[in-house]
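Work through the following exercises with the coordinates open. Each one sets a task and then solves it step by step.

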Amino acid sequence: MQGLPARIVKLSTQLLGRSKNVDHKCRQCKKELEVNTNICTKHSLSCNRTVKRNRSYWYHVECAKALNII
């Protein structure tokens with residue numbers, strides 16, 4: 001199942017504080033994401049027979065461009 005399209009947002013302290021099911025590192029390069037920088041968010045809906053999980057993945061903008069997400 002396809003997720004929602006990716007979008008670029010500014011990572012604020014409020015967004016960082018209320019995020020759930022998100023690793024605070026770039027999914028591609030595994031480096032920490034810095035506050036007040038632009039990041040790319042990608043929402044994923046993974047589903048199998050027993051569990052349906054919604055998860056957001058965060059990327060640096062450069063890493064998302066390299067993966068053709070944006």
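**Exercise 1. Two asparagines with positive phi**

Task: decide whether N68 is buried or exposed, then describe its backbone and that of N36.

Solution. The model is a predicted one.
Step 1. The relative accessibility of N68 is 67%, and a residue counts as exposed over 50%, so N68 is exposed.
Step 2. N68 belongs to the segment after α2 (61-66).
Step 3. The phi angle of N68 is positive, about 60°, although N68 is not a glycine.
Step 4. For comparison with the general pattern, most residues other than glycine have a negative phi.
Step 5. N36 also has a positive phi, near 65°, and is likewise a residue other than glycine. N36 sits in the loop between α1 and β2. With a relative accessibility of 53%, N36 counts as exposed.

**Exercise 2. The chain as a whole**

Task: state which secondary-structure elements the chain has and in what order they run, then characterise its burial, contacts and surface.

Solution.
Step 1. Two helices and three strands make up the secondary structure. Read from the N terminus, the order is β-α-β-β-α.
Step 2. The chain has 70 residues, of which 21% are buried.
Step 3. Take the contacts between residues at least 6 apart in sequence: 62% of them join residues at least 24 apart.
Step 4. The accessible surface is about 5400 Å², and carbon and sulfur atoms account for 47% of that area.

**Exercise 3. The largest pocket**

Task: find how much space the largest pocket holds, which residues are closest to its centre, and where its lining comes from.

Solution.
Step 1. The volume of the largest pocket is about 290 Å³.
Step 2. Its lining consists of 15 residues, and those closest to the centre are R7, L15, T41, S56 and W58.
Step 3. Elements that contribute two or more residues to this lining are β1 (7-10), α1 (13-18), β2 (38-47) and β3 (52-60). The largest share, three residues, is from β2.
Step 4. Sorted by type, the lining has seven nonpolar, four polar and four charged residues.

**Exercise 4. T41 and W58 at the pocket**

Task: place T41 and W58 in their strands, and determine which residues T41 is in contact with beyond four places in sequence.

Solution.
Step 1. T41 is part of strand β2, while W58 is part of strand β3.
Step 2. T41 has 10% relative accessibility, which is under 20%, so T41 counts as buried. W58, at 5%, counts as buried too.
Step 3. With neighbours within four places in sequence set aside, T41 is in contact with P5, A6, R7, V9, Y57 and W58.
Step 4. T41 and W58 are 17 residues apart along the chain, and their C-alpha atoms are separated by 4.7 Å.
Step 5. R7 and W58 are 51 residues apart in sequence, with a C-alpha to C-alpha distance of 9.9 Å. Both R7 and W58 are among the residues closest to the centre of the largest pocket.

**Exercise 5. Cysteines and H60**

Task: explain why C26 and C63 are not counted as a disulfide, and list what H60 touches.

Solution.
Step 1. A disulfide is a covalent bond between the sulfur atoms of two cysteines.
Step 2. The structure holds zero disulfides. The cysteine sulfur nearest to that of C26 belongs to C63 and is 3.7 Å away. The cut-off is within 2.5 Å, so C26 is in no disulfide.
Step 3. C63 is in no disulfide either, and its nearest cysteine sulfur is that of C26.
Step 4. C26 is buried, with a relative accessible area of 1%. C63 is buried as well, with a relative accessible area of 13%.
Step 5. H60 lies in strand β3. Its relative accessibility is 19%, and buried means under 20%, so H60 counts as buried.
Step 6. Not counting residues up to four places away in sequence, H60 touches C26, C29, K31, E32 and L33. One of these contacts, C26, is the cysteine of Step 2 whose nearest cysteine sulfur is that of C63.

Conventions: Residues are numbered from 1 along each chain as its sequence is written. This is a predicted model: local features need pLDDT of at least 70, side-chain atom pairs count only at pLDDT 80 or more; totals for chains, interfaces and linings use all residues. Side-chain values use heavy atoms; hydrogens and water are left out. On a 1 Å grid over the protein atoms alone, a cavity is a set of points where a 1.4 Å probe fits but cannot get out, and a pocket is an open set with protein on both sides within 12 Å along at least five of seven lines; lining residues have an atom within 4 Å of a point. Grid points are joined across faces, edges and corners, and a volume is the space filled by probe spheres set on the points. Helices (H or I, at least four residues) and strands (E, at least two) are DSSP runs, numbered from the N terminus. Ala, Val, Leu, Ile, Met, Phe, Trp, Tyr, Cys and Pro count as nonpolar, Asp, Glu, Lys and Arg as charged, and the others, Gly among them, as polar. Buried means under 20% relative accessible area, exposed over 50%, partly exposed in between (1.4 Å probe, protein chains only). Contact means heavy atoms within 4.5 Å. Accessible areas come from the Shrake-Rupley method with a 1.4 Å probe; for residues, only the protein chains shown count as cover.
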